[in-house]
Amino acid sequence: MNDRDKEYRVIFLAEAQQSYDQISTDIVKLEKDPGNEEILDEIFRLLHNMKANAATMDLHAIAELSHCLENVFSSIRAGNLVFEGNRVNLIFKAIDYLGYLINNIAKPQRQVHNEELLNDLNDLVTKGEVSAGLLQENSSSFISKKLHLSDSVSIPVRKLDDLLNLVGELIISRDHLINFAELSENQQMKNITQSLSRIADSIQETVMTARLVTVSSLFNKFPKVVRDIASDEKKKVDLSITGADTTIDRNVLKLISDIMVHLIRNAIIHGIENPKERIKKGKPEEGSVEISATSEKGLVFISITDDGGGIDTKAIKDKAIKNGILSSSRARGLGERETLGLLFVPGFSMAERVTEYAGRGVGLDIVKSVIDSIGGDLRIESKVGKGTQFIMSLPISMAVKAALLFKVNENNFALPLLNIHVVLTVSNGMIHNVGEVLVLEHKDEMIELIYLHDFLFKEMDYSSHINLKREVMDVIVVWYNNKKYGLVVDQLLRQQEIMIKPLQNPLDDNTLFSGITLLGSGEVCYVLDVAGTSKAYEQKENKVQLH
């Protein structure tokens, strides 16, 4: 049994013990009020859920006994049986044995069917009678003399959110103390802060782990989604899922659930060809959609890949020109990656027809906005005739993030590592001023630069205030809308985890920053928003200044 199976079994045990306790309580109430339909419905529901969950965990003895009891209560609900007399004794005996099985899940040798008990329950349903041998039996030899309490507790997600916020405050206070210890040059103080730092890290990791769930809770819903859409589109689609045991913050998973459905619809409707067209192209009649999840260095990568017709970048350019989104001259200068990024422009759609699933409602621009709002990224890779892949890069946690700290004009800034493609140290000769655009030549690629000193602090159009006097400069390369941008900073500081606090009025409508954090020195640090900065740069709008 691997670690994931062990985790599932712990969860099942906690839920089963809770359900068993509730069933035991309800049956005692039912004995005093046999006609209470509300109690009957609850017992039936609990047994039905336990049967399904136990079968999933391959706990067949529990599943079979729950099923037999479910049949008994189904007959009682239907009025075919009355909950009275020796029938009550039999049901209590069955419930006791169910508790015995649940409390001994860790002991496979005790997970055995009680054939006599199962036969008695089946006879009760079919014949309405209890076997004579049971009439004098009012106790069960397998009843434990000890009360069993669950090792798990249920905690509302809101309390975990509050706890994580407190952990963030603890991290900030820890950094303050570490900074003070360094300045004091007191070795004892340094030792104490080092110990405190280890404890704070451990608390943070424990709390964040408690908030993690596997993506399987979402991925398991997709086979039905794929089947329904494929049926409506009269297409044949095979769905494969990998990495379903990847863990992610529950809030992040909740936010991406709707956009995942939209991307799957997009793959089937716009990507996968109809069976006749696929056969003509020499492809299998059945299309393929693959959903995968992986985690690496505090990030989760979720991709949706189809083997359909791919995306024609020329068609995108033609549609964008037709809709007035860009000029013909601008379109000619766009590379394939930047062209695919046009699909994220608000209001832009390649759909030629409206169906129940496409051509209306949520578009790719909304999908991108949702991912941007949690500090994630969405990229598209596509080859005509081969297929398309949407790749989401997501933070494992929304509250505490690893970030790169840097200075611009003596002000502190942070950028989440999730948004960073690469950090470069470049010479002045590698930067060119082409018209009003700064460009960095790197590995046969031209990357547009945003000179943050002027972009953030000059009141006039920043492009006319470029001042690149230094021989060597630090550039942070970021991704946005399938395009790379280079952020020129004054000084790189360090990498550290930060707790992001939202901006307050009147700065809460500032799109250049996603929030602020406090450094160990007590200084305020602005968290740069890649999406807002990139949009402001593209629109040549720089109305929000720090000073």
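**Exercise 1.** Find the helix that holds I199, and decide whether this residue is buried or exposed, or in between.

*Solution.* I199 lies in helix α7 (residues 187-210), where a helix is a DSSP run of H or I with at least four residues, numbered from the N terminus. The model is a predicted one, in which local features need pLDDT of at least 70 and side-chain atom pairs count only at pLDDT 80 or more, while totals for chains, interfaces and linings use all residues. Residues are numbered from 1 along each chain as its sequence is written, and side-chain values use heavy atoms, with hydrogens and water left out. Next, the relative accessible area of I199 is 47%, so the residue is partly exposed, given that buried means under 20%, exposed over 50% and partly exposed in between (1.4 Å probe, protein chains only).

**Exercise 2.** Work out which parts of the chain are linked by the salt bridge of K51 and E70.

*Solution.* A salt bridge needs a side-chain nitrogen of Lys or Arg within 4 Å of a carboxyl oxygen of Asp or Glu, and the side chains of K51 and E70 meet this rule at 3.0 Å, N to O. K51 belongs to helix α2 (residues 37-56) and E70 to helix α3, 19 residues apart, so that the pair links distant parts of the chain. E70 has 6% relative accessibility and therefore counts as buried.

**Exercise 3.** Describe the salt bridge of K368 and D377, and say whether each partner is buried or exposed.

*Solution.* The N to O distance in this pair is 4.0 Å. K368 is buried at 1% relative accessibility, and D377 is buried as well, with a relative accessible area of 6%.

Definitions and conventions
Helix = DSSP H or I, 4+ residues; strand = E, 2+ residues; numbered from the N terminus.
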